Amino acid sequence: MIELLQLPFMQRALIAGVVLGVVLAYLGIFVTLRKMAFFSDGVAHAALAGAAIGLLTRVSPLLSALIFSMFLAALIYWLEKKSSLSSDSIIGIIFTSGMALGIVLLSLRRGYQPELIGYLFGNILAIRRQDLILIVVLSLLILAFIVTQKRKLTLLTLDREMAHMAGVHPDLYQLLLYVVLAAALVMGIRILGIILVSAVLILPVSSARLLSRSFKSLILWTIVISETVMIGGLFISYYLNLPSGAVIVLTGSAVFSLAFGANAFLRRKKMKSTRPAGRP
Amino acid sequence: MEPLLEVKDLSVHFGNFTALDRVSFTIEQQEIIAVIGPNGSGKTTLLKAILGLIPYDGEIKIFGKKVATVLPQLGYVPQRFAFEKNFPLTVEEFVNLTCRKPDKLPFGGALHAAGMAGLEDKLIGELSGGQLQRVLIAHAMLHQPRILFLDEATSGIDMEGLSDFYSTIQRLNREHGVTIVMVSHEISMIYKFSDRIICLNRDLISHGETKSALTRDVLKKLYGDNVDLKVHSHEGSAS
């Protein structure tokens, strides 16, 4: 174990996993409560075009994907405000168009495309030093934003009118949430890939919801589960020599199954204890 | 002296549909003002426009200022509080979240006064409709607003609670000087408890002191002939 932690690629993987584990978990709370799972999926898939632009122009693909996705998030927000189309339709259009553009751009490069596989399925063990610096700095900035603006983001999630009456600017905070979420998703793509990144937003908070009786406990449980899943999945994938992103997601699924079982057991026990005597 | 609330040529459009058409009125004194009208007459739209929750044409001033600058002095209880029922938020967390200065609030006392003591740790998603409505009202009162806007706030409150509710509203107004602007369908309660009335049917039908403005003709204009409304002359009561 100690030897494993001395390996530079493992150190980078762990730091990225731990930092992103907190950020994605926290954002996942707002994503699930606001029913934004499709938004997350859409922006993550459309990010492929951003990464492809970086590969073609020899700019960092992570940086170009970040800028491109944040732009798309702002575009989705603007279209939601200005058009009569439903949010689902707008995201669906951006999702498929971005993905298609990414495939076309990548096809312009000749030969085998290992980057495409890396972006589709992620590879936490292949994170480079400059990627790690970008991930840590941006994650800390996002975390600072979430922690300082938690009350406003939570109010917006609860009810727009309530947020307005409490002095929150709902439109501004919705835009900020979209942009910040897009940035976090792109960083998550390096670990889990375009296809699986949404799982880390949704699985920890869904498991935590089954164990929580207040918003405070939901936040705590979500972060604890997310970190357990990230670190646990990373070690399991290393020892079993399996793809890290997929193993992290499967670890999250296993934790969710346990939480679901525990919740069902406790509910049944509670029902039995409150059932009037003499009734089956 | 500036009027408490001034609404001038207020129009609200949703696409091609006009929900409110050039409505103007002023509220000068700390009174209980009822807003009545049939379904779809623009009552909720009026409240939302006043509070800056929807875009509008025209001019709205509260205490002579733009609404955004006086929001902390306003309370609002919506008709429907459409939140995600799975939101794991306790009543105490809800109040702390929505209050600007939660540490200065007499939280337990206010819930106790609203008959909601002991609900602090209950999840808001687990409250009944009536309980939730009472928490929202208690919560709005906690802010000690100068104007309290209530949009059919009694929905979900039983008959016994209804009278208590209107008494509380009256006490807030008479003893604490809170102006109440309330949308309601309970004509008899409005007749008994409100000082002034605003009768809407997309435009302003009538506005004035309740006893003189709430006439049989006005009620007919609002609700038509099919509604059996017994107004016993101007001095009597309505039901």
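Which strand of chain B does B:Arg22 lie in? In this predicted model, B:Arg22 is part of strand E2, which covers residues 17–27 of chain B. The legends below start there and then move on to the rest of chain B, the contact with chain A, and the empty spaces.

**View 1. Two residues of chain B, B:Arg22 and B:Phe63, have a positive phi without being glycine.** Start with B:Arg22 in strand E2, where phi is near 50°. With 56% relative accessibility, B:Arg22 counts as exposed, because the cut-off for that label is over 50%. Now look at B:Phe63, which sits in the loop between strand E4 (57–62) and H2 of chain B. Its phi is near 55°. B:Phe63 has 14% relative accessibility and so counts as buried, the limit being under 20%. So the pair splits on cover: B:Arg22 is exposed, whereas B:Phe63 is buried.

**View 2. Chain B as a whole is built from nine helices and nine strands.** Chain B has 239 residues, and 51% of them are buried. Take the contacts in chain B with a separation of 6 or more: 63% of them join residues 24 or more positions apart. As for the outside, the accessible surface of chain B adds up to about 11,300 Å², and carbon and sulfur atoms hold 46% of it.

**View 3. Helix H1 of chain B is mostly covered.** Six of the eight residues in H1(B) are buried. They are B:Lys43, B:Thr45, B:Leu46, B:Leu47, B:Ala49 and B:Ile50. Follow the chain just past the end of H1(B) and you reach B:Gly52, with a positive phi of about 75°. Keep an eye on B:Gly52, as this glycine turns up again among the residues nearest the centre of the second largest pocket.

**View 4. Chain B meets chain A through 29 of its own residues and 20 of its partner's.** Together the two chains bury about 2,200 Å², with 63% of that area coming from carbon and sulfur atoms. Which three residues supply more of the area that chain B buries against chain A than any other three? They are B:Phe87, B:Pro88 and B:Leu97, with 27% between them. From the other side, one residue to pick out is A:Ser214, in the loop between H10 and H11 of chain A. A:Ser214 has 15% relative accessibility, so this serine counts as buried. Apart from neighbours within four places in sequence, A:Ser214 is in contact with B:Pro88, B:Thr90, B:Glu93 and B:Leu123.

**View 5. The second largest pocket takes its lining from both chains.** About 480 Å³ of space lies in this pocket, and 21 residues line it. Nearest its centre are A:His164 and A:Pro170 from chain A, along with B:Gly52, B:Leu53 and B:Ile54 from chain B. On the chain A side, helices H9 (160–165) and H10 (170–209) each give two or more residues to the lining, and on the chain B side helices H1 (43–50) and H2 (67–70) do likewise. The largest share, three residues, comes from H9(A). By type, the lining has 13 nonpolar residues, three polar and five charged.

**View 6. The largest cavity also has residues of both chains around its centre.** The model has three cavities of 30 Å³ or more, and the largest holds about 170 Å³ of space. Its lining runs to 16 residues, with A:Met165, A:Ala166, B:Tyr76, B:His139 and B:His143 nearest the centre. H9 of chain A gives two or more residues to this lining, as do strand E5 (74–77) and helix H5 (129–142) of chain B. Nine of the lining residues are nonpolar, four are polar and three are charged. H9 of chain A is worth finding in both views, since this helix lines the second largest pocket and the largest cavity.

**View 7. A:Leu242 sits in the loop between helices H11 and H12 of chain A.** Helix H11 spans 215–240 and helix H12 spans 244–274. Is A:Leu242 buried, exposed or partly exposed? A:Leu242 is partly exposed, with a relative accessible area of 44%. Setting aside neighbours within four places in sequence, A:Leu242 is in contact with A:Ser237 and A:Val247.

Notes:
Residues are numbered from 1 along each chain as its sequence is written. Chains are lettered from A and ligands numbered from 1 in the order in which they are written. This is a predicted model: local features need pLDDT of at least 70, side-chain atom pairs count only at pLDDT 80 or more; totals for chains, interfaces and linings use all residues. Side-chain values use heavy atoms; hydrogens and water are left out. On a 1 Å grid over the protein atoms alone, a cavity is a set of points where a 1.4 Å probe fits but cannot get out, and a pocket is an open set with protein on both sides within 12 Å along at least five of seven lines; lining residues have an atom within 4 Å of a point. Grid points are joined across faces, edges and corners, and a volume is the space filled by probe spheres set on the points. Helices (H or I, at least four residues) and strands (E, at least two) are DSSP runs, numbered from the N terminus. Ala, Val, Leu, Ile, Met, Phe, Trp, Tyr, Cys and Pro count as nonpolar, Asp, Glu, Lys and Arg as charged, and the others, Gly among them, as polar. Buried means under 20% relative accessible area, exposed over 50%, partly exposed in between (1.4 Å probe, protein chains only). Contact means heavy atoms within 4.5 Å. Accessible areas come from the Shrake-Rupley method with a 1.4 Å probe; for residues, only the protein chains shown count as cover. Buried area is the accessible area (1.4 Å probe) that two parts lose on being put together, summed over both.
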